[in-house]
Amino acid sequence: MIVSYVPTDRVEELLPEVQPLIQMALDHNIGERIWSDVEPYLLNGVYQLFVCYDEQKIWGAVVTEIVNYPQFKTLLLLLLGGEDPASTDDQLEEVLTKFAKHEGCSNMQISGRKGWLRRLAKYGYKESYITLIKELDHG
């Protein structure tokens, strides 16, 4: 399996194949993003697209965002979806790390369910803080 960054000018042609894969990840979020939010950011380069593929098809898709904090830059891993995405962890980690360093990022961050910590600990990811959410009733 190959993992590759997709240049912004090639994203549009891959959208029909990657949209269902990205939707798999969107189906597990808390509603902060839907496909119609993600698509324009991919097309204009605010978000970056990476694909996992072989000679037959695209098996997985990753959406990232480069965030410029006042003190450093980070590569934020927003969405990862696909068929058996864990099988590409090693290649994905290598490609994302290389991309982040090339872009001048000091680190990479991911927010997600607790299972991500177990899955990514072997690559040096550690729990830094947790996110607490309180839903507000506007009734």
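A strand here is a DSSP run of E residues, at least two long, numbered from the N terminus. With that in hand, welcome to this predicted model, where I58 has its place in strand β3. This briefing starts from that residue, moves on to helix α1, and then turns to the salt bridges and the cysteines.

**I58 and its surroundings**

- I58 counts as buried because its relative accessibility is 12%, and the cut-off for buried is under 20%.
- Strand β3, the home of I58, covers residues 58–68.
- Apart from neighbours within four places in sequence, I58 is in contact with L14, E17, V18, L21, V51, C52 and Y53.
- Among these contacts of I58 are L14, V18 and L21, which also appear among the buried residues of α1.
- M1 lies 57 residues from I58 along the chain, yet the C-alpha atoms of the two are separated by 9.4 Å.

**Helix α1**

- Helix α1 takes in residues 8–26.
- Which residues of α1 are buried? They are V11, L14, L15, V18, L21, I22, A25 and L26.
- The cover over these buried residues includes β1 (2–6), α2 (35–43), β2, β3 and β4.
- Where in α1 does a kink lie? You will find it at L14, shortly before the proline P16, with an angle of about 70°.
- L14 is thus worth a second look: the kink lies there, L14 is buried, and I58 is in contact with it.
- Between its end C-alpha atoms α1 spans only 21 Å, whereas a straight helix of 19 residues would span 27 Å at 1.5 Å a residue.

**Salt bridges**

- How many salt bridges does the count come to? There are 3 salt bridges.
- One of them joins the side chains of E13 and R10, at 3.0 Å from N to O.
- Both E13 and R10 belong to helix α1, where they sit 3 residues apart, about one turn of the helix.
- E13 is exposed at 52% relative accessibility, while R10 is partly exposed with a relative accessible area of 40%.
- Another salt bridge pairs E32 with R33, whose closest N and O atoms are 3.7 Å apart.
- E32 counts as partly exposed, at 45% relative accessibility.
- E83 and K57 also form a salt bridge, with 3.0 Å between the closest N and O atoms.
- The E83 and K57 pair links distant parts of the chain, 26 residues apart.
- E83 is in the loop between β4 (73–82) and α3 (89–102), and K57 is in the loop between β2 (47–53) and β3 (58–68).
- Both partners count as partly exposed: E83 has 34% relative accessibility, and K57 has 33%.

**Cysteines**

- The count of disulfides comes to 0.
- C52 is in no disulfide, and the nearest cysteine sulfur, that of C105, is 19 Å away.
- Likewise, C105 is in no disulfide, its nearest cysteine sulfur being that of C52 at 19 Å.
- For a disulfide, the two sulfur atoms would have to be within 2.5 Å.
- Are these cysteines buried or exposed? C52 is buried, with a relative accessible area of 3%, and C105 counts as buried at 12% relative accessibility.
- C52 also brings us back to the starting point, as one of the residues in contact with I58.

Conventions
Residues numbered from 1 in each chain as written. Predicted model: local features only at pLDDT ≥ 70, side-chain atom pairs only at ≥ 80, totals over all residues. Heavy atoms only, no water. Buried < 20%, exposed > 50% of the residue type's maximum accessible area, 1.4 Å probe, protein only. Salt bridge = Lys/Arg side-chain N within 4 Å of Asp/Glu carboxyl O. Helix = DSSP H or I, 4+ residues; strand = E, 2+ residues; numbered from the N terminus. Expected span 1.5 Å × (residues − 1). Bend = angle between axes of the 7 residues up to and from the residue. Contact = heavy atoms within 4.5 Å.
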